[in-house]
Amino acid sequence: MSTPVRRAAVLGSPIAHSLSPALHNAAYAALGLDGWHYDRFEIDETGLAGFVGGLGPEWAGLSLTMPLKRVLLDVADRVAPGAAAIGAGNTLVFGPQGAVAHNTDVTGIAESLRAAGAGTGRAVVLGAGGTAQAAVAALHDLEVDHVDVLVRDAGRAGALRETADRLDVEPEVHAVLTDAAAAARLLDGADVVVSTLPAGVADALAGARWRPGTVLLDSVYAPWPTVVAGGAAAAGATIVSGLEMLLRQAIAQVELMTGRPGPEAAMRGALDAAVLARG
């Protein structure tokens with residue numbers, strides 16, 4: 001008897017750089033899930049509904065990266081409470097209840113910070129997109145005392161404010177990312193910093209007054225280390241790479257799609273090998 005084929009994939013634009021296939025395919029091999037395969041597809045917001053609508057019954061789920069994290073909710077039959085509270089998701093699971101949207105970015109951020117020793121105190125989030133919304137939720141789960149959100153334009157932080165309202169938290173939003181000195185002043189003394197900015201955008205903050213004990217999670221993982229991570233590390237801060245966040249959110253995705261716990265050791269090994277192969 002042949003093994004049933006099950007499929008999954010990561011969607012986004014751009015997507016060629018994604019390491020998700022290495023993580024998920026390693027998980028399937030470690031779990032003995034013969035016939036399971038995970039791919040990547042270049043899909044933007046305009047193409048998501050058509051792609052999802054054309055999938056067959058062999059599909060177990062999808063991982064969604066930028067720019068699809070908010071529009072994902074529009075194509076789901078149901079939205080899990082966590083994704084609904086955030087207003088964005090990164091996972092679509094197909095099952096008896098139809099296509100259900102989840103957000104495992106929150107798990108990835110919270111577990112990465114917790115493992116690095118982050119706890120209560122003052123936190124700073126850089127950026128206001130879908131990952132920043134997940135960061136606000138993760139910091140809420142960690143019960144930090146206060147969150148400052150640094151953005152370029154406060155008028156473009158509406159979705160993040162809506163997430164905060166649904167979570168019943170009150171972060172302060174500061175339009176200072178175009179003023180490195182003002183942004184650095186807000187970073188001074190922070191216990192936790194989560195940067196959700198694209199590669200290079202946070203470089204000007206490398207020289208901020210980072211202090212030993214601050215935990216910086218930089219969601220960028222290529223190129224690594226980023227300039228800001230290097231500057232913070234030189235000052236004694238604890239650095240968490242976006243690779244750790246990627247791994248931990250993928251472990252949660254594997255469980256959602258297969259019903260079995262994601263095998264961390266196998267997935268971490270595959271991630272290390274994939275990064276090494278890229279040089």
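**Loop geometry, helix packing and the largest pocket**

Pro67 lies in the loop between β3 and α3 (72–75), and in this predicted model the peptide bond that leads from Met66 to Pro67 is cis, with omega near 5 degrees. A cis peptide bond also joins Ser13 and Pro14, where omega is about 0 degrees; Pro14 is found in the loop between β1 (6–12) and α1 (20–30). A further backbone feature is seen at Glu143, which has a positive phi of about 60 degrees although it is not a glycine, and which is placed in the loop between α6 and β8 (146–151).

Met66 appears again in the description of the largest pocket, which holds about 1,300 Å³ of space. The lining of this pocket comprises 42 residues, of which Met66, Thr131, Thr196, Pro198 and Ser219 are the closest to its centre. Two or more lining residues are given by each of β3 (59–64), α6 (130–141) and α10, and the largest share, five residues, comes from α10. By class, the lining of the largest pocket is made up of 20 nonpolar, 16 polar and six charged residues.

Helix α10 also takes part in helix packing. Helix α10 (residues 242–258) packs against helix α11 (residues 264–278) at an angle of about 135 degrees, the two axes being 10 Å apart, and α10 and α11 are therefore oblique to each other. The crossing of α10 and α11 is right-handed. On the α10 side, the contact is made by Leu243, Glu244, Leu246, Leu247, Arg248, Ala250, Ile251 and Val254, and on the α11 side by Glu264, Met267, Arg268, Leu271 and Val275. The contact of α10 with α11 contains nine nonpolar and four charged residues, with no polar residues.

Helix α5 (residues 105–115) is a further partner of α10, and the axes of α5 and α10 come within 7 Å and cross at roughly 125 degrees, which makes α5 oblique to α10. The crossing of α5 and α10 is likewise right-handed. Here Asp105, Thr107, Gly108, Ile109, Glu111, Ser112 and Ala115 of α5 meet Glu244, Met245, Arg248, Gln249 and Ala252 of α10, and the residues of this contact divide into four nonpolar, four polar and four charged. Glu244 and Arg248 of α10 are among the residues that meet α5, and both also contribute to the contact with α11.

Note on methods. Residues are numbered from 1 along each chain as its sequence is written. This is a predicted model: local features need pLDDT of at least 70, side-chain atom pairs count only at pLDDT 80 or more; totals for chains, interfaces and linings use all residues. Side-chain values use heavy atoms; hydrogens and water are left out. Axes are lines fitted to C-alpha atoms, for helices over the stretch in contact, and angles run from 0 to 180 degrees between N-to-C directions. Helices (H or I, at least four residues) and strands (E, at least two) are DSSP runs, numbered from the N terminus. Angles under 35 degrees count as roughly parallel, over 145 as roughly antiparallel, 65 to 115 as roughly perpendicular and the rest as oblique. A crossing is left-handed if the near helix is turned anticlockwise from the far one by less than a right angle, and right-handed if clockwise. Contact means heavy atoms within 4.5 Å. Ala, Val, Leu, Ile, Met, Phe, Trp, Tyr, Cys and Pro count as nonpolar, Asp, Glu, Lys and Arg as charged, and the others, Gly among them, as polar. On a 1 Å grid over the protein atoms alone, a cavity is a set of points where a 1.4 Å probe fits but cannot get out, and a pocket is an open set with protein on both sides within 12 Å along at least five of seven lines; lining residues have an atom within 4 Å of a point. Grid points are joined across faces, edges and corners, and a volume is the space filled by probe spheres set on the points.
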